[in-house]
Every structure is written in C-alpha cells, then in structure tokens.
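Please go through this structure helix by helix, with the sequence alongside. The text below takes up how helices begin and end, and what their buried faces pack against.

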Amino acid sequence: MDDLDGKVVVITGSCSGIGLEIAKNFKRYNSSVVLTYFDKDKDQQKKSVHLMNDNNFDQCLGIDVTDKVSVRACFNSVFKKFGKLDILVNNAGINLVGDFDAINDEMWQRVIDTNLKGPFICMREVYEFISRGGKVVNIGSVSGQYGGPRTTSYACAKAGVMALTHCFARYAGPRKDVSVNCVSPGPIKSEMLDLMPKKILDELKEDLLIKRLGTMKEVADLVCFLSSEKSSFITGQTVGINGGVWI
C-alpha cells in the first residue's frame, strides 16, 4: 500500500490497544501519524508524548471527542502543521459493563457520548479539512450487530456508528469523493476484551469458526487497506473481522 506514503492520518484514542496498533501500522507505510490523547487526562498526555518520541509519530494532540471546540482545534492544528488531512480513524471508545437493569443513566450517557456522539462530531468537523478523495474509517464492533449481553450501551453506540458510517458516506462521497467505512471487530485480543467476563468470552470462543482470538495487527491491516487506494470502490460498508462469530 505504497499510496499511504505521506498521507496525514489522525487516529482518535490512539494511546493504547487497537488505536495504538493502527498508528504503528500507518507508520510502517510511511504515513504522517497524529497521535491523540484525552485532553483532560494528564497521565495519558505524558504517555502519548513518550509514545510519539519512541515510535517517531509526527504529532501528539489532546482531544475531547465529545466537544466540538476541542475537535476543531485538533483538526486546525493538524492542518496548520501539514497543510492537509487525508485520513481520519474514529477509534476512541469506552465500555462500562453491566447487566441490562444495572446500567444507570450516567453509565449509559458516558458510553453514548464517547462512542457515538464522538464519531459524529469528528466526522462533522473533519469535513471542512479532509482532502478530496480522503478516507474515514470508523471502528465499530460485532456487539453492535448481535447485541452485547452485558454491554447494552456499548452495543447501541456501535450500532449507531454503523448508521453514521452510511450517512456520512452518502454525504461526503458525492461532494468531496470521500470514502467512509466501518471496521467491525469481533473477539480481538486486547485490553478491552480482557474486561469481558470469562463466561461470556468462553461462549464467544465456542462460536468462532476460526478457533482463535483475532489480533490487533489484523484489525490495523484492515483499517490501512480501507484507507488505501486498494479500496477505492468501497464506501458506506461495515466490514466484519470476527473469525466468523457473526456472519
């Protein structure tokens, strides 16, 4: 995917887990990678600076994806530094696990704000900055397709992200030739998966047609493919990477 060389990429939630692996993968293709951290978390800020220096990332910015002022400031800074913004990966997300009747209003709103409102604001605000022919990749989840048994707010938010993907693809494609797709991971070995109760994880493993957990590198490879010209006729799609747990 040589066409990723020199592309300017912003990845939300890229200090750890899948987001960090995506950032490293883009760097392998010689993209200019903007690492982001939650701008109210000082520990995350320090970690991000170290990650940037250790991995030769090109910029490190704080962002609150739920705040349009913060999001716009981030994109402004990227545009000022590089003169363009080619690819946005909406990866930032949280999950607060609980039985359906144990999810209180605060838990619900926190997850919905970060995982659904956040991508909406980022897509709305990036439209002004993104290059013609640019790419947006949203990170969904198989939970949004089949319904997570103890992750109701997370599943609803991710289902909404899939709908947002369709909506923005219909808007941005005809106007700026921007492709918008969603990657929907299943059971991927990650920090977030480690929070899942063992009983539920064991049940998921039984349903896998490929009898292993996926890797973050496999997700990152798919994101880079959807960000490259090899996917030039793909837009508005949710692409599963789930080992067959949902087909």
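In this predicted model, D67 caps the N-terminal end of helix 3, with a side-chain oxygen 3.0 Å from the backbone nitrogen of V69. Just after helix 3, at the other end, G83 takes a positive phi of about 80°.

Between these points, helix 3 runs over residues 68-82. Its 15 residues should span 21 Å at 1.5 Å a residue, and this agrees with the end C-alpha atoms, which are 21 Å apart.

Which residues of helix 3 are buried? They are S70, V71, C74, F75 and V78. Because these residues cover an arc of only 130° around the axis, they lie on the same side of helix 3. An α-helix has 3.6 residues a turn, so residues three or four places apart point the same way. On the other side of helix 3, V69 and K80 are exposed. V69 is thus found twice here: its backbone nitrogen takes part in the cap with D67, and the residue is exposed.

The buried residues of helix 3 are covered by elements that include strand 1 (8-11), strand 2 (32-38), strand 3 (59-63), strand 4 (85-90) and helix 4 (105-126).

Helix 9 can be read in the same manner. For its twelve residues, 216-227, the expected span at 1.5 Å a residue is 16 Å; the end C-alpha atoms are 17 Å apart, which agrees. Buried in helix 9 are V219, A220, L222, V223, C224, L226 and S227. Their cover includes helix 1 (17-28), strand 5 (130-139), strand 6 (179-185) and strand 7 (238-241). Strand 4 also belongs to the cover of helix 9, as it does to that of helix 3.

How values were computed. Residues are numbered from 1 along each chain as its sequence is written. This is a predicted model: local features need pLDDT of at least 70, side-chain atom pairs count only at pLDDT 80 or more; totals for chains, interfaces and linings use all residues. Side-chain values use heavy atoms; hydrogens and water are left out. Helices (H or I, at least four residues) and strands (E, at least two) are DSSP runs, numbered from the N terminus. The expected span of a helix is 1.5 Å times one less than its number of residues. Buried means under 20% relative accessible area, exposed over 50%, partly exposed in between (1.4 Å probe, protein chains only). The arc is that of the directions from the helix axis to the C-beta atoms. Contact means heavy atoms within 4.5 Å. A polar contact is a pair of N or O atoms within 3.5 Å; within protein, one must be able to donate a hydrogen and the other to accept it, and residues adjacent in sequence count only if both atoms are side-chain atoms.
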